[in-house]
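Visitor: I am new to this structure, and I would like to know how each description of it is reached. Could you take me through the reasoning step by step?

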Amino acid sequence: MARSKEFDPDAVLQRALELFWERGYEATSMADLVAHLGIARASIYATFGGKRELYLKALERYLHNMDPAVLDALSQPGPVLPAVRALIRTYAEESGGDDRRGCMVVNAAVELAPRDPAAAAFVEASWSHLETVLTSALTRARAQGELAPGKDPRAVARMLLVLMQGMRVLGRTPGGAARLDDAADQALAVLG
């Protein structure tokens, strides 16, 4: 007769997400996972697969929790550009804050995506989602007269995507707050 799990896989996955987000994939050993999660190595393998599979499940959870917030913020009725401006400011503030974990998607892009197709697919899905949401919002802004008719919503969305993800990278280093504020100011100037 099979034994029932003596732990909540959902809670364990959340703790794994936090550890991977804090340390990254390479710097997190299986021994670290066992100690942090409070379950045996065999239980990790039986429930989640190996370290890589657990990391990918944690990254997927991160995306599931983070990506909808941007869609919600940019899909509200009414003027669009104030929401886009607020999003840019939020990225600058969060990136320059005390939390040096950065964005788990950006961390995955830098650490794993060049050599791990599954991690690269999660990164691409997240960034494509953000680009699509921004493009849609900026298309609405142009239709409402908030964005100049000559501005290409998709091109502006891509510029903002690159800026926002770059903010996440610079935010991992000390002293980047002034750079982030200046970059946000310039992005807001482009919006008009």
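Guide: Let us start with a term: a pocket here is an open set of grid points with protein on both sides within 12 Å along at least five of seven lines, and its volume is the space filled by probe spheres set on the points. This is a predicted model, and in it the largest pocket has a volume of about 570 Å³.

Visitor: What makes a residue part of the lining of the largest pocket, and how many residues line it?
Guide: A lining residue has an atom within 4 Å of a point of the pocket, and 28 residues line the largest pocket, with Y62, M66, Y91, E94 and R168 lying nearest its centre. At least two lining residues each come from α4 (51-74), α5 (81-95), α7 and α8. By class, the lining divides into 14 nonpolar, eight polar and six charged residues.

Visitor: What secondary structure does the protein have?
Guide: The protein has nine helices and zero strands, and from the N terminus on its elements run α-α-α-α-α-α-α-α-α. Taken along the principal axes, the C-alpha atoms fill a box of roughly 65 × 40 × 25 Å.

Visitor: Why are α8 and α9 called roughly antiparallel?
Guide: Helix α9 (residues 177-191) packs with α8 at an angle of about 170°, their axes being 11 Å apart. Angles over 145 degrees count as roughly antiparallel, and α8 and α9 are therefore roughly antiparallel to each other.

Visitor: Which residues of α8 and α9 meet, and how do they divide by class?
Guide: From α8 come V156, M159, L160, L163, M167 and L170, and they meet L180, A183, A184, A187, V190 and L191 of α9. This contact has 12 nonpolar, no polar and no charged residues.

Visitor: Why are α7 and α8 described as oblique?
Guide: The axes of helix α7 (residues 117-143) and helix α8 (residues 153-170) come within 8 Å and cross at roughly 135°. That angle is not over 145 degrees, nor does it lie in the 65 to 115 range of roughly perpendicular axes, nor under 35 degrees, so α7 and α8 are oblique to each other. Their crossing is right-handed.

Visitor: Which residues make the contact of α7 with α8?
Guide: On the side of α7 the contact is made by W127, L130, E131, L134, T135, L138, T139 and R142, and on the side of α8 by P153, R154, V156, A157, R158, L160, L161, M164 and Q165. These residues divide into 10 nonpolar, three polar and four charged.

Visitor: How do you know how α1 and α2 are set to each other?
Guide: Helix α1 (residues 9-23) packs with helix α2 (residues 30-37) at an angle of about 130°, with their axes 10 Å apart. This angle falls between the 115 degrees that ends the roughly perpendicular range and the 145 degrees beyond which axes count as roughly antiparallel, and α1 and α2 are therefore oblique to each other. The crossing of α1 and α2 is right-handed. In this pair, V12, R15, A16, L19, F20 and R23 of α1 meet D32, L33, H36 and L37 of α2, and the residues of the contact divide into six nonpolar, one polar and three charged.

Notes. Residues are numbered from 1 along each chain as its sequence is written. This is a predicted model: local features need pLDDT of at least 70, side-chain atom pairs count only at pLDDT 80 or more; totals for chains, interfaces and linings use all residues. Side-chain values use heavy atoms; hydrogens and water are left out. Axes are lines fitted to C-alpha atoms, for helices over the stretch in contact, and angles run from 0 to 180 degrees between N-to-C directions. Helices (H or I, at least four residues) and strands (E, at least two) are DSSP runs, numbered from the N terminus. A crossing is left-handed if the near helix is turned anticlockwise from the far one by less than a right angle, and right-handed if clockwise. Contact means heavy atoms within 4.5 Å. Ala, Val, Leu, Ile, Met, Phe, Trp, Tyr, Cys and Pro count as nonpolar, Asp, Glu, Lys and Arg as charged, and the others, Gly among them, as polar. On a 1 Å grid over the protein atoms alone, a cavity is a set of points where a 1.4 Å probe fits but cannot get out, and a pocket is an open set with protein on both sides within 12 Å along at least five of seven lines; lining residues have an atom within 4 Å of a point.
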